[in-house]
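Me: I would be grateful for a close look at a single part of this model. Please concentrate on one strand and its surroundings, and then place that part in its wider setting.

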Amino acid sequence: MEMRPQLEEGRPAIETESRTNRPAQAKTAPLCVVLTGNPNSGKTTLFNALTGLRARVGNYAGVTVERKEGRFQGSPPNLPITVLDLPGTYSLSPQSLDEQIVRDVLLRRLAEAPLPALVVVVVDASNLERNLYFASQVIELGYPTIIALNMTDVAEKIGQRVDARQLAAALGVPVVPMVASTGSGLKELKQKIVEMVRAPAPRAAIPSFCRLPAAFAAEVETLAKMISGASNRAEALLLLSDEKLISAATMEIRQAAAAGRQRLEKGGIDWRGAAIEGRYASVSAIQQAVTAAADGPEETFSDRVDRIVTHKIWGMAIFLGIMAVMFLTIFSFAQLPMDLLQGLFRATGDFVGRLIPPGDLQELVVKGVIQGVGAVVVFLPQICLLFLFIGLLEDTGYMARAAFLMDRMMSKVGLHGKSFIPMLSSFACAIPGIMATRTIETRKDRLVTILVAPLMSCSARLPVYTVLIAACLPGGILVQSATMLSMYLLGIVVALGMAWVFKKTLLKGETPMLVMELPPYKRPLLRIALRHTWDRSKLFLRRAGTVILGINILLWFLASYPRHAGTQNGSPPGPQSAAQAGARLRGSFAGMAGRAIEPLIAPLGFDWKIGIGIVSSFAAREVFVSTMSIVYNVAEGSDEATHTRDLAQVMREQKRANGRPVYSTLASITLMVFYVLALQCVSTVAVVRRETNSWKWPLFQWLYMGALAWVFAFATYQGGRLLGMG
Amino acid sequence: MSAETQPLTSLKIGAAATVSEIKLHPEHRGRLLEMGLLVGTQVQLVRFAPMGDPVEIKVRGYHLTLRRHDAEQIWVRSAD
């Protein structure tokens with residue numbers, strides 16, 4: 001899982017020479033402007049403003065750290081510029097995978113990342129000192145650099161007026177004051193970017209912002225002589241103050257750095273701390289010189305909000321309230337658009353059904369394609385709402401408070417508050433959740449979080465829960481929401497329990513240290529929140545249009561063939577009796593598969609038709625819904641009356657041989673429990689494989705979750721029967 | 001020595017003090033230092049989380065959370 005930077009031995013970290021070749025390059029590849037800065041500095045907002053919300057999101061080879069690139073809006077016609085957004089970082093001495101990527105891009109250790117033509121460091125003016133710590137490290141690397149002095153409005157509100165001109169003089173690079181969220185200063189920044197990319201101002205000498213003890217400074221000089229490139233001093237300093245930076249240089253340089261550290265230690269210098277202290281001494285002086293501090297308000301808006309949101313009683317109540325509102329909203333607000341979508345698919349099915357003569361083709365198109373895909377797409381409104389909620393929680397800064405509130409609980413199972421964020425994101429989808437684990441510093445804790453994250457009920461389970469609840473749970477919206485909420489709770493409780501087990505057994509380790517910033521609250525920009533919601537929902541739609549469509553077509557064939565006497569291909573097309581159709585499904589390939597696993601699932605109260613659903617949804621959970629739609633439609637024959645009905649209605653009417661309903665309340669709850677716990681998602685398996693760099697962990701995860709699902713479902717069903725349910 | 005030193009966690013809520021010693025192992029305190037919590041830095045204890053842990057502090061103008069267990073290793077000297 002450790003990053004393996006693609007290092008070319010002996011290559012200078014920054015190729016200053018190639019910058020002079022830029023005019024020749026410009027005709028072929030676009031120039032790359034790199035955007036970097038602390039977390040919560042408004043970097044993403046600025047990125048959106050610079051690229052007009054049209055980003056291409058990908059991954060760095062070998063890791064799932066998001067690689068966000070976009071075309072610079074307003075670049076001159078003959079000078080295409082792309083903007084590369086790097087993950088938020090506090091320092092060039094990385095603690096997490098995310099930060100490692102930033103260092104590797106800026107130190108030119110990633111062969112795939114383009115050479116930065118210009119670096120824009122986003123600096124939060126209201127938190128200048130700590131932001132300058134990282135900014136000064138970047139400036140020392142010697143790239144043409146611009147400081148985007150962001151959130152000057154917030155700074156002024158708390159009584160900090162930063163003099164941009166003075167700051168520019170102190171840092172030796174241009175500073176553009178701005179407010180990225182309102183667009184103020186954006187024009188000036190864009191102008192400056194174009195100007196600098198066109199003709200980078202020559203930088204006389206690269207300044208140093210680190211006041212070091214004389215002995216340390218001498219070691220830096222000695223080591224720097226061994227390194228080529230303009231950033232040799234900065235790199236020597238990083239090498240000397242961070243023993244983990246081993247992959248960074250040639251063997252010779254590494255040994256020299258280790259020897260240097262030893263000499264410093266003998267001289268009584270704390271090489272880990274000295275560089276940090278030296279830098280803070282320097283940036284602290286700059287901050288004081290450029291900031292005119294007036295009296296700010298005694299208590300900021302964030303302070304007042306936090307007083308309530310992190311309050312002993314109110315804080316927990318608000319947290320639970322937010323969760324409850326989220327699920328109620330998803331249930332009630334989504335209903336109308338969902339009904340509309342359902343009607344649309346129904347009408348389309350009827351319309352197309354009339355165009356194609358009855359027969360196999362009509363069945364395939366109407367039942368396999370339109371209704372099958374429709375059964376999944378109908379859930380788009382719910383999924384959009386879920387993504388919107390999670391996005392808003394992230395954008396406002398509440399997510400960090402949730403982690404603060406929940407940390408105690410997380411520490412009880414051996415994880416820390418930061419693991420809570422990936423777990424909460426997993427409510428939308430385990431894939432971004434697993435990707436969010438990249439901010440967790442220790443490998444074992446990251447692995448534990450990855451292993452339990454898919455236990456959180458993701459949006460793909462939502463269709464399954466919704467259909468089952470609608471089909472079989474009596475009572476109004478409150479009972480239904482409560483059932484839904486308990487499924488989510490079950491996932492959470494089991495996830496925490498399993499995390500505890502893993503930390504005690506397989507992945508033993510100390511509870512990690514927590515060092516987490518609580519950023520000020522921000523008003524989320526609706527435009528951006530909606531855009532993100534749409535981007536993520538698009539993935540869901542694309543999946544419905546590709547993977548799920550493919551599975552549906554395949555499944556229709558499997559559920560319709562082979563045909564037996566009486567229902568042969570040659571038989572005249574026309575309505576079949578229900579009995580005939582049932583026999584046909586039973587004898588089909590899908591029916592065979594379902595019956596093959598029936599002994600395994602019969603103790604859980606499931607019949608072989610549900611077995612078909614379970615088998616097919618190992619590709620993706622929401623396939624269950626379309627599978628059941630196809631299975632019951634095929635089973636019911638093709639008389640006009642049945643194929644346009646609501647799936648929940650059809651399911652409610654399914655009877656066993658003894659006349660009892662297939663979907664009793666108990667059987668439905670058992671089925672939901674199974675879906676809460678089983679890892680039925682090919683994409684998650686693939687992401688875990690990529691993240692952990694082995695098949696061992698995804699396989700283990702798949703097996704343990706499968707076993708858990710079976711055991712819990714068994715206990716639910718048999719326990720329920722003992723209590724006289726079912 | 002003008003005032004007694006004490007662990008950060010035993011400050012009163014809302015009280016400010018100056019860091020005098022960080023007793024965490026050098027290998028573990030790197031990030032803490034990089035976040036600006038150094039010997040000589042002013043800190044303010046803001047609050048404890050509802051379940052008593054973690055602790056929220058204010059340092060260099062922003063809010064940071066640490067586990068009580070780690071914060072106990074940070075010794076401070078009151079301003080008075």
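Reply: Strand β4 (residues 55-59) of chain B is largely enclosed by the rest of the structure, because 4 of its 5 residues are buried. The model is a predicted one, and every statement below is to be read accordingly.

β4(B) has a strand partner in β3 (residues 42-48) of chain B, with which it pairs in the antiparallel sense over 5 bridges. Within this pairing, V43(B) has V59(B) of β4(B) as its bridge partner. The two strands form a hairpin with 6 residues between them. In that turn, G52(B) has a positive phi of about 90°.

β4(B) is also joined to β5(B) by 5 bridges, and these two strands likewise run antiparallel. Here K58(B) is matched with H63(B), its bridge partner in β5(B). The hairpin of β4(B) and β5(B) has 2 residues between the strands, and R60(B) takes a positive phi near 45° in it.

From β5(B) the pairing continues into chain A. Strand β5 (residues 62-66) of chain B pairs with β10(A) in the antiparallel sense over 4 bridges. H63(B) appears again in this pairing, as the bridge partner of L518(A). H63(B) is thus the bridge partner of K58(B) and also of L518(A).

This cross-chain pairing belongs to a wider contact, in which 29 residues of chain A meet 27 residues of chain B. On the chain A side, β10 (515-518) is one of the elements that supply at least two residues each; the others are the helices α5 (128-139), α12 (271-290), α14 (314-332) and α18 (398-412). By class, the residues on this side of chain A divide into 12 nonpolar, 8 polar and 9 charged.

One of those helices, α5(A), also has a part in a contact inside chain A. The domain assignment gives chain A a domain 1 (16-198) and a domain 2 (214-293). The contact between them takes 20 residues from domain 1 and 18 residues from domain 2. On the domain 1 side, α5, β7 (160-162) and α7 (164-171) of chain A each supply at least two residues. α5(A) gives the most to that side, with 5 residues. The domain 1 side has 9 nonpolar, 7 polar and 4 charged residues.

Burial in chain A offers a parallel to the enclosed strand. Helix α28 (residues 608-616) of chain A is largely enclosed by the rest of the structure, since 9 of its 9 residues are buried. The buried residues of α28(A) include W608(A), K609(A) and I610(A). Across chain A, 49% of the 726 residues count as buried. Chain A has 33 helices and 10 strands. Among its contacts between residues at least 6 apart in sequence, 74% join residues at least 24 apart.

Finally, the confidence of the prediction should be considered for chain A. Its pLDDT averages 82, and 89% of the residues score at least 70. Among the elements of chain A, strand β8 (residues 175-177) has the highest mean pLDDT (97), whereas helix α1 (residues 16-20) has the lowest (37). Residues 1-27 of chain A stay under 50 in pLDDT, and the model has 41 contacts beyond four places in sequence for them. Residues 565-574 of chain A also stay under 50, with 9 such contacts.

Definitions and conventions: Residues are numbered from 1 along each chain as its sequence is written. Chains are lettered from A and ligands numbered from 1 in the order in which they are written. This is a predicted model: local features need pLDDT of at least 70, side-chain atom pairs count only at pLDDT 80 or more; totals for chains, interfaces and linings use all residues. Two residues are in contact if their C-beta atoms, placed from the backbone, lie within 7 Å. Ala, Val, Leu, Ile, Met, Phe, Trp, Tyr, Cys and Pro count as nonpolar, Asp, Glu, Lys and Arg as charged, and the others, Gly among them, as polar. Two strands pair if DSSP finds at least two bridges between them. A residue is buried if 20 or more other C-beta atoms lie within 10 Å of its own, exposed if 12 or fewer, and partly exposed in between; C-beta atoms are placed from the backbone. Domain bounds come from an automatic or database domain assignment. pLDDT is the predictor's confidence in each residue, from 0 to 100.
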